[in-house]
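Trainee: I'd like to go through this one with you and test the terms against the numbers. Can we start where the two halves meet?

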Amino acid sequence: MTQKVAVLGTGKIGEALLSGMIGAGWAPADLLVTARRQERADELRARHGVTPVTNAEAAKTADTLILTVKPQDMGTLLDELAPHIPADRLVISGAAGIPTAFFEERLAPGTPVVRVMTNTPALVDEAMSVISAGTHATADHLAHAEEIFGAVGKTLRVPESQQDACTALSGSGPAYFFYLVEAMTDAGILLGLPRDKAHDLIVQSAIGAAKMLRDSGEHPVKLRENVTSPAGTTINAIRELENHGVRAALIAALEAARDRSRELASGTKD
């Protein structure tokens with residue numbers, strides 16, 4: 001049986017998901033979208049061949065609803081959707097920091113909910129999407145969510161209790177790498193390189209290092225040691241990183257991100 005999937009609140013990540021699904025074989029006719037502005041809805045139709053609908057129409061028609069609105073807008077959206085969602089629909093939340101219980105309390109009893117934390121590399125089909133089951137979600141529901149988000153990268157199942165840690169590591173993770181590239185580019189300029197050349201050197205080094213981490217099966221310590229010659233340039237640089245507490249700063253930063261995710265989940269906004 002054909003499964004209809006609706007993406008509600010289709011921003012950049014939602015559109016990346018649509019594009020990935022179509023590339024993976026989903027028929028555009030089976031994909032529904034909602035958007036706040038009519039111009040945006042028309043743009044999605046023209047670009048991907050999908051069908052714009054209202055939130056209520058999506059709730060009544062789609063077998064799977066993917067909610068991609070901002071966390072602060074999720075309560076209002078659920079109030080609008082709740083009267084129209086049958087209990088056999090799968091609801092997938094892509095909102096950071098909101099637990100599945102938030103949805104289950106507002107939807108019909110028994111509604112299956114799956115929580116997904118993806119990240120911005122979905123825009124280039126290299127996302128890391130972390131998937132957790134709510135109270136009523138089955139293995140089939142999880143597999144369906146994996147199939148959808150697998151269209152834009154890799155997926156990983158975790159207990160929902162680990163979602164805040166995953167948000168700190170991979171949800172926010174791309175920003176840490178961009179920050180590091182920014183700092184290294186500045187260092188390259190300080191060392192006498194033009195900005196464009198420093199940027200190219202660092203980006204290609206990052207791509208190569210990431211592929212080695214993914215494909216070699218080696219521990220990162222081993223890969224680092226392979227670059228670190230006795231009394232060489234690399235060990236001198238690493239000594240300075242350790243002297244400046246970079247490792248400790250990273251751990252503290254990720255703990256802060258995890259704690260903020262917990263605050264968001266508990267309703268703390270300030």
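**Checking the labels**

Mentor: Between domain 1 and domain 2, zero residue pairs are in polar contact, counting pairs with both residues at pLDDT 80 or more. A polar contact is a pair of N or O atoms within 3.5 Å; within protein, one must be able to donate a hydrogen and the other to accept it, and sequence neighbours count only if both atoms are side-chain atoms. By class, the domain 1 side that touches domain 2 has two nonpolar, three polar and no charged residues.

This is a predicted model: local features need pLDDT of at least 70, side-chain atom pairs need 80 or more, and totals for chains, interfaces and linings use all residues. Numbering runs from 1 along each chain as its sequence is written, and side-chain values use heavy atoms, without hydrogens or water.

Trainee: What makes these two domains, and how far apart are their centres?

Mentor: An automatic or database assignment sets the bounds: 5-163 for domain 1 and 172-265 for domain 2. Their C-alpha centres are 33 Å apart. Five residues of domain 1 and four of domain 2 make the contact, meaning heavy atoms within 4.5 Å.

Trainee: How much area do they bury between them?

Mentor: About 380 Å², with 54% on carbon and sulfur atoms. That's the accessible area (1.4 Å probe) lost on putting the two parts together, summed over both.

Trainee: Why is Arg-47 with Glu-15 called a salt bridge?

Mentor: The rule wants a Lys or Arg side-chain nitrogen within 4 Å of an Asp or Glu carboxyl oxygen. Here the closest N and O atoms are 2.5 Å apart, so the pair qualifies. Arg-47 sits in helix α2 (38-48) and Glu-15 in helix α1 (12-23), 32 residues apart.

Trainee: How many salt bridges does the structure hold, and how many cross the domain interface?

Mentor: The structure holds 18, but zero cross between domain 1 and domain 2.

Key: Nonpolar A, V, L, I, M, F, W, Y, C, P; charged D, E, K, R; others polar. Helix = DSSP H or I, 4+ residues; strand = E, 2+ residues; numbered from the N terminus.
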